[in-house]
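Please follow the ligand site first and the protein interior second.

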Amino acid sequence: MKEVEEKVWIIGSVVARDALTTIRDKKTQQVGFRKSVVKMGRIGGYESMELLNTEEIEIETPLGKCMGVAVVDKEKIVIINVLRAASPFVEGLLKAFPHAKQGVISARRKEEKGMKNDSFDIEINYAKFPEITDEDVVIIADPMLATGSTLLEIMKYITEGKQKPKKIILLSIISTKIGIDKIRKAYPDTIIVTVSIDPVLNSDGYIVPGLGDAGDRAFGSI
Ligand code: URA
């Protein structure tokens, strides 16, 4: 993983780029799309471990002692599933963090009102989060960081609690510079991890080249 600007990390491994190519391809059908998003969640989880606290520990193998490394935060993870597109992404993330607590939030862009100044009004229909403590690392999983409107709204929910998490990682597959800049300006401590920063946001708020509508493609709505 490479830090391309302060607190913005790009996953550049071949396995991630290969999965990205599959999900971008319009020939990839629902099942193939969903499987690759699950794979992306797993990859994103493993790569995000690079940003967690580790410690050197001594262990004993059946044949002798040796030093090893332990990711101490891996059991302090809270994953936020941004419905619905993040569901297969979270399925993969849970392979990396099987002990994670989970929150869900259903956020809808009010596309009927149109995009203004690269932003949408957001409607939150449902949100249920576990208790978040100052020892927790929150990973917000949303495959597409486009305008940033949805994620700004979700950040409000997470940061208005009594206790602030130790760290917030926003994990996406494809992002835009517009979305990243908005999040970084409003929440400068947030870490963004993504596979690609695409160049264009079209007038409908979709990322180009992007991959289309992640929810529709994963859930077979198209
Ligand atoms: N959500 C999507 O699913 N795709 C985009 O391009 C933007 C937001």
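How far does a backbone N or O atom of Ala 214 lie from an oxygen atom of the ligand? The distance is 2.7 Å. The protein covers 88% of the 240 Å² of accessible area that the ligand has on its own (Shrake-Rupley method, 1.4 Å probe). This is a predicted model, in which local features need pLDDT of at least 70 and side-chain atom pairs pLDDT 80 or more, while totals for chains, interfaces and linings use all residues. Numbering starts from 1 along each chain as its sequence is written, and side-chain values use heavy atoms, without hydrogens and water.

Backbone atoms of other residues also face the ligand: a polar one of Ile 207 is 2.8 Å from a ligand oxygen, and a polar one of Gly 212 is 2.8 Å from a ligand nitrogen. Among the residues that surround the ligand (a heavy atom within 4 Å) are Arg 109, Met 144, Tyr 206 and Asp 213.

Turning to the interior, Phe 97 is in contact (heavy atoms within 4.5 Å) with Gly 45, Met 49, Leu 52, Lys 74, Ile 77 and Ile 139, leaving aside residues up to four places away in sequence.

Methods:
A polar contact is a pair of N or O atoms within 3.5 Å; within protein, one must be able to donate a hydrogen and the other to accept it, and residues adjacent in sequence count only if both atoms are side-chain atoms.
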